[in-house]
Each structure stands twice: as structure tokens, then as C-alpha cells.
Amino acid sequence: MLENIYEKLALEYEKKRDTAQHQAENRLKKVYALSPEIEAVDNALSTSGIRYMKEYRLAKDKKQALENYKKEISDLNQKRADLLSQLGLPADHTEVKYECPLCSDTGFTDGVSCKCRNKKLTDYYYDISNLKNTLKQQSFKTFDINIFSNEKTDPDSPTPRENMEKIRYKVIEAIGVADRVPMNFLFYGNSGTGKTFLCSCIAGEFINMEKSVVYLSAYDITEIMLSYRFNKDETDYSQTQIRLMKECDLLIIDDLGTESTNSAANSELFNIINSRLNSEKSTIISTNLSAGDIMKRYSERIASRILGLYKAHKFIGNDIRLHGRA
Ligand SMILES: [Zn+2]
């Protein structure tokens, strides 16, 4: 499904072009039926090039021949427009009208993905990312650092605001090179300290770069995997979800620690995490668990990967949601 979006879009654009061309042909047919004169003008236009080449070869005054030719074309076009206007139709009535005039419904302008195609990709990625509507609106542009308190909760630590400022800086830096260096972050700390908020901002940033994002809780991830493995839920939907979890550009595993603790769930989670590390895909894990909790709760192979290979950032402060500001 992930790579199929490109095929899907290519087909969609092909259809659009076909439709636009077909509609133009129909309009032309109707116009010819109403006005045989216009058909005659079109015939004259389509044969004018050949006539001109003959005349040009024989002409003594080549410059004059070219001028004559240009005048003939312009007169024919004017006549055509006049005839259409007599029918109450605009001069471009029989031209192909593409939905996107920038790319003529090819999806590309000068070999670069057109605005209209980028929009479709972005919508698609939002669709599959599982991002809630409210989360969609969060971005680094609307990021208000002032919702984080500037009072120390611990004399040896920075204030929540200073801490968030530092994490935000690191994150933006990592996003800048995410194409070359996968970003693997572990965000840990109490509820309401801004982990989900920051994850949403990062997701939005990736989506704006036309990258695929999947945002799921650890609970959902293990449920999907277990149901696939044990209930033989091999529908297209579940297979697609699993592929997306493994192959998307950014996977956000929310609320690590809320999934069941049995060894099957553990091993499915390991599969996803490991497969993404091997294929160098970015993953962010957010959790209320501390490093000690992670070591206690997970098998050594999961804990060592998470604690050893992810850049850990501790979120501090009181629950900002309780103050009604996030
Ligand atoms: Zn376009």
C-alpha cells in the first residue's frame, strides 16, 4: 500500500487527463455539428503548416513568406474565435480543460511533484497516520513554549520550559537530517508534560515533507500484531497496517507500557522495533515509564535496544493539561 499510493495517483491522474480530453473532444464534436465553418477553419489550421513549408521553399522573399504564414494563422484563429462567439461560446471552449492548469493533470511540473499532487500525498499520509484531527493542528509553528512552566520543580534540574526548549531544539535538528540519519527518540516522563504534543508536531513536520507517519499506542500495535499472528486476521487491512508499522518513514509508539506484559506481546513489539532499527527507519517512543521501569518490565533484548539505541529525553513538570492549556 505504501508504494502503491504512487501507482494509485498515477492512475488517478491518467483518468483525469482522459476525462478532460474526452470532454474537450465532445465539445468539439458539438461545435462542428453547430458550425461546419469552424470545422473548415480547423482543417485550414491543421494543414497550414504543410502549405507554409511548400511556399517557404519556393518563396523568393523568405521573410515575407514567414510573415504571411503568421498572419494567416492569426486570421484563422480570430475567425474561429468570432464564429465561437456567434454561438455564444468562449474562444477556448474546445480546448482541453485540466483540473490543475499547472501540471495539466500529470501530477508533475518540470519533473517535480506538482502542488496538487503534494496535497494528495499529504492528505493520504494524514489519513494513514492515525492522527486525530486535533493533533493535526499542532505544529512547531503553533508551538507555544509559554505553556510550560518556568519554575523549577527541582533545584538541580532546568525548568520545564528550559527543558522543553532544549528538547525542541534537538528534535528540530534531528528532523533536518532525518533523511540521512534515522531519528530514534525515547520521550519519557509523567503524563501531561508535553510528550504527545511534541510527537504530534514531529508527525506534522514529517507529513509536510511528504513522509509517511503512523501514530499508534503500544497497546494498539501489539493488539494488531497478536490478532494477525494468532487469530489469523490476514485481511488486507491488517496486513497493510503491519506493513505500515514496519515501513512507514516515522512510527510513533505512544504510551509504551500500556500494552499487555505477556511474552507474546513483548516479542511482537520487539519485532517491530527491531525491524525498524535494521531498516533505519525513524521511530519515536513515548512512555510514562522510567529507565528502571523499562529494564524491569521488558526482556533484556528490548530494554537494551530502547535504552541503548534511542536518544532519551526526560519530560519534566506538572500536568499542563490540568491547567487547560494543552
Ligand atoms: Zn497539478
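The exercises below, each with a worked solution, concern a predicted model.

**Exercise 1. Find the domains of the chain and state how many ångströms separate their centres.**

Solution. Begin with the domain assignment, which gives domain 1 as residues 4–109 and domain 2 as residues 130–323. Then take the centres of domain 1 and domain 2 over C-alpha atoms, which are separated by 55 Å.

**Exercise 2. Work out how helix α2 is oriented relative to helix α3, and list the residues through which they meet.**

Solution. First locate the two helices: α2 covers residues 36–58 and α3 covers residues 62–86, and their axes come within 10 Å and cross at roughly 175 degrees. Next, apply the cut-off, by which angles over 145 degrees count as roughly antiparallel; α2 and α3 are therefore roughly antiparallel to each other. Now turn to the contact itself, to which α2 brings E37, I38, V41, A44, L45, S48, Y52, E55 and Y56, while α3 brings K62, A65, Y69, E72, I73, L76, K79, R80, L83 and L84. Sorted by class, the contact of α2 with α3 has 12 nonpolar, 1 polar and 6 charged residues.

**Exercise 3. Establish the strand order of the open sheet, and explain which strands stand at its edges.**

Solution. Reading across the open sheet of 5 strands gives the order β4-β5-β6-β3-β7, with parallel pairing. The edges are held by β4 (213–217) and β7 (311–315), and each has a single partner strand, so one side of each is left without a neighbour in the sheet. From one strand to the next, the twist averages 15 degrees. One pairing can be followed in detail: strand β3 (residues 184–189) runs parallel to strand β6 (residues 282–287), and 5 bridges join them. Within this pairing, N184 has T283 in β6 as its bridge partner. Finally, look at what lies across the strands: helix α7 (residues 195–208) lies across β3, β4, β5 (250–256), β6 and β7, and runs at about 170 degrees to β5.

**Exercise 4. Describe how helix α10 packs with α8 and with α12, using the angles and the axis distances.**

Solution. Start with α8 (residues 218–230), which packs with α10 at an angle of about 105 degrees, the axes lying 9 Å apart. Because of this angle, α8 is roughly perpendicular to α10. On the α8 side the contact is made by A218, I221, T222, M225, L226 and R229, and on the α10 side by A264, A265, E268, L269 and I272. These residues divide into 8 nonpolar, 1 polar and 2 charged.

Continue with α12 (residues 300–309), which packs with α10 (residues 263–278) at about 40 degrees, with the axes 10 Å apart. This angle makes α10 oblique to α12, and the crossing of α10 and α12 is left-handed. Here N266, L269, F270, I273, N274 and L277 of α10 meet R301, I302, R305 and L309 of α12. By class, this contact of α10 with α12 has 6 nonpolar, 2 polar and 2 charged residues.

Technical notes. Residues are numbered from 1 along each chain as its sequence is written. This is a predicted model: local features need pLDDT of at least 70, side-chain atom pairs count only at pLDDT 80 or more; totals for chains, interfaces and linings use all residues. Two strands pair if DSSP finds at least two bridges between them. Helices (H or I, at least four residues) and strands (E, at least two) are DSSP runs, numbered from the N terminus. Axes are lines fitted to C-alpha atoms, for helices over the stretch in contact, and angles run from 0 to 180 degrees between N-to-C directions. Two residues are in contact if their C-beta atoms, placed from the backbone, lie within 7 Å. Angles under 35 degrees count as roughly parallel, over 145 as roughly antiparallel, 65 to 115 as roughly perpendicular and the rest as oblique. A crossing is left-handed if the near helix is turned anticlockwise from the far one by less than a right angle, and right-handed if clockwise. Ala, Val, Leu, Ile, Met, Phe, Trp, Tyr, Cys and Pro count as nonpolar, Asp, Glu, Lys and Arg as charged, and the others, Gly among them, as polar. Domain bounds come from an automatic or database domain assignment.
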